[in-house]
Amino acid sequence: MPAALAALALLPSCSGTAPTDAPPKQAMANAVVTIDTGAAKHVFKVEVARTPAQQQQGLMFRTAIPADAGMLFSPYPAEGGGPREASFWMKDTPSPLDIIFIRADGTIAHIAENTVPFSTDPVRSGEPVAAVLEINGGKAAELGISPGDKVSW
């Protein structure tokens, strides 16, 4: 996997080898992610992509993502010095996603809403982040999730 920012451009929802609706062959850890908007707390049951292979696979080829599910990319690999600007793409990802970029302090930095399926255009965090959460496209707006909200897992 290429180093530094080039690696981040290829992380989630970006590359892989075989279509499947099942998780990648290497089992991912599961976690519960809570987003506190101040008005409500929203809970997601997510897969955690920690290894480079899991991050490269991301949610590619997934045609059905449960309403309260998603994928957490965390922590970013230690090599490279921790939080950094992230860039994702939607290659081989048939479902629109909301990509939530999370700062080291757990607050939401930026939300790329309803990303375009199969697009190779970069989706950037805009600032250094420590983690990224992908959920169904449109879900952030539906739940009133916005930059500054607190994310914990």
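**Overall fold and sheet of the predicted chain**

The chain holds 3 helices and 9 strands, taken as DSSP runs numbered from the N terminus (H or I of at least four residues for helices, E of at least two for strands). Along the sequence, these elements follow the pattern α-β-β-α-β-β-β-β-β-β-α-β. This is a predicted model, in which local features need pLDDT of at least 70, side-chain atom pairs count only at pLDDT 80 or more, and totals for chains, interfaces and linings use all residues. Residues are numbered from 1 along each chain as its sequence is written, and side-chain values use heavy atoms, with hydrogens and water left out.

The predictor's confidence in each residue, pLDDT, runs from 0 to 100; its mean over the chain is 82, with 78% of residues at 70 or more. Over residues 1-24, pLDDT stays under 50.

A welcome landmark for a new reader is the sheet. It is open, and its 7 strands lie in the order 6-5-8-3-2-1-9 with mixed pairing, where two strands pair if DSSP finds at least two bridges between them. Strand 6 (108-112) and strand 9 (150-152) are the edge strands, each pairing on one side only. At one of these edges, strand 5 (residues 97-102) runs antiparallel to strand 6 and is joined to it by 4 bridges. Within this pair, Ile100 stands opposite Ile111 of strand 6.

Of the 153 residues, 46% are buried (under 20% relative accessible area with a 1.4 Å probe, protein chains only). Contacts (heavy atoms within 4.5 Å) often span the sequence: among those between residues at least 6 apart, 73% join residues at least 24 apart.

Terms used:
Buried < 20%, exposed > 50% of the residue type's maximum accessible area, 1.4 Å probe, protein only.
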